[in-house]
Amino acid sequence: MTTPQNAPATPSTPDAAAPTRLPQGKMPELRVMPAPSDANVYGDVFGGWIMAQVDVAGSLPATRRANGRVATIAVNSFLFKQPVFVGDLLSFYAEIVKVGKTSITVCVEVYAERNRLQADVVKVTEAQLTYVATGPDRKPRQLPPLDSLITHE
Ligand SMILES: CC(C)(COP(=O)(O)OP(=O)(O)OC[C@H]1O[C@@H](n2cnc3c(N)ncnc32)[C@H](O)[C@@H]1OP(=O)(O)O)[C@@H](O)C(=O)NCCC(=O)NCCS
């Protein structure tokens with residue numbers, strides 16, 4: 001089991017070393033700090049808890065694009081690249097990478113500020129999920145045209 005105390009030294013590969021800052025010019029969809037109840041007795045946060053937060057974060061841009069309800073149809077990929085510990089401040093960045101007739105595919109990246117310190121930032125998780133716009137009958141609904149959406153930018 002890995003704990004903050006006995007975690008291995010960060011490998012010197014470029015992927016593990018970068019980034020050392022949160023993504024610049026982007027707003028996280030969610031910022032959450034896992035509590036002791038989200039972790040095992042060693043302080044490692046459960047993967048299922050992270051997956052739930054990723055699903056919520058990814059659903060937010062999908063819901064805006066669909067202008068209404070969406071359902072998660074697929075988790076296309078999920079990589080837990082680094083462990084997450086109780087007390088890490090997690091930021092979830094979500095970006096639409098593909099849009100179909102009824103579906104929206106979103107990439108979610110999760111960064112941890114270890115011990116709540118912005119100076120120690122680690123990319124911990126990356127996932128891609130697909131959502132489907134649904135109607136009140138819970139069946140797939142065609143996405144509205146982009147120019148019909150109200151934006152606040
Ligand atoms: C979401 C749901 C309404 C879609 O209905 P469906 O009849 O299965 O959907 P379709 O086969 O018509 O596919 C709808 C879209 O999803 C896409 N899709 C289907 N299977 C997919 C997969 N495995 N991966 C990625 N996209 C997929 C299709 O390509 C289609 O996209 P497009 O319209 O942009 O071309 C239905 O599957 C459902 O209710 N699933 C349960 C959702 C849920 O409860 N999620 C929470 C997890 S427990």
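This passage describes the strands of a predicted model, the shell around its ligand and the setting of one alanine. In this predicted model, local features need pLDDT of at least 70 and side-chain atom pairs count only at pLDDT 80 or more, whereas totals for chains, interfaces and linings use all residues. Residues are numbered from 1 along each chain as its sequence is written.

Five strands, with strands taken as DSSP runs of E of at least two residues and helices as runs of H or I of at least four, both numbered from the N terminus, form an open sheet in the order β1-β3-β4-β5-β2, with antiparallel pairing. Two strands are said to pair if DSSP finds at least two bridges between them. Because β1 and β2 stand at the edges and each has a single partner strand, one side of each is left without a neighbour in the sheet. On average, and with direction ignored, neighbouring strands of this sheet are turned by 25° against each other, where the axes are lines fitted to C-alpha atoms (for helices over the stretch in contact) and angles run from 0 to 180 degrees between N-to-C directions.

Within the sheet, strand β3 (residues 89–99) runs antiparallel to strand β4 (residues 103–113) and is joined to it by 10 bridges; the two form a hairpin with three residues between them, and Ala94 stands opposite Val108 in β4. The strands β4 and β5 pair over 11 bridges, also in the antiparallel sense. Here Thr105 has Thr130 of β5 as its bridge partner, while the partner of Val106 in β5 is Leu129. In a regular strand, side chains alternate between the two faces of the sheet.

The ligand is surrounded by 14 residues, of which the closest are Ala74, Gly100, Lys101, Thr102 and Ser103; a residue is near a molecule or strand if its C-beta atom, placed from the backbone, lies within 6 Å of it. Two or more residues of this shell come from each of β2 (70–80) and β5 (121–133), and β2 gives the most, with four residues. By type, the shell divides into five nonpolar, six polar and three charged residues, where Ala, Val, Leu, Ile, Met, Phe, Trp, Tyr, Cys and Pro count as nonpolar, Asp, Glu, Lys and Arg as charged, and the others, Gly among them, as polar.

Ala39 lies in the loop between β1 (30–32) and α2 (47–66). The C-alpha atoms of Ala39 and Phe85 are 7.7 Å apart in space, although the two are 46 residues apart in sequence.
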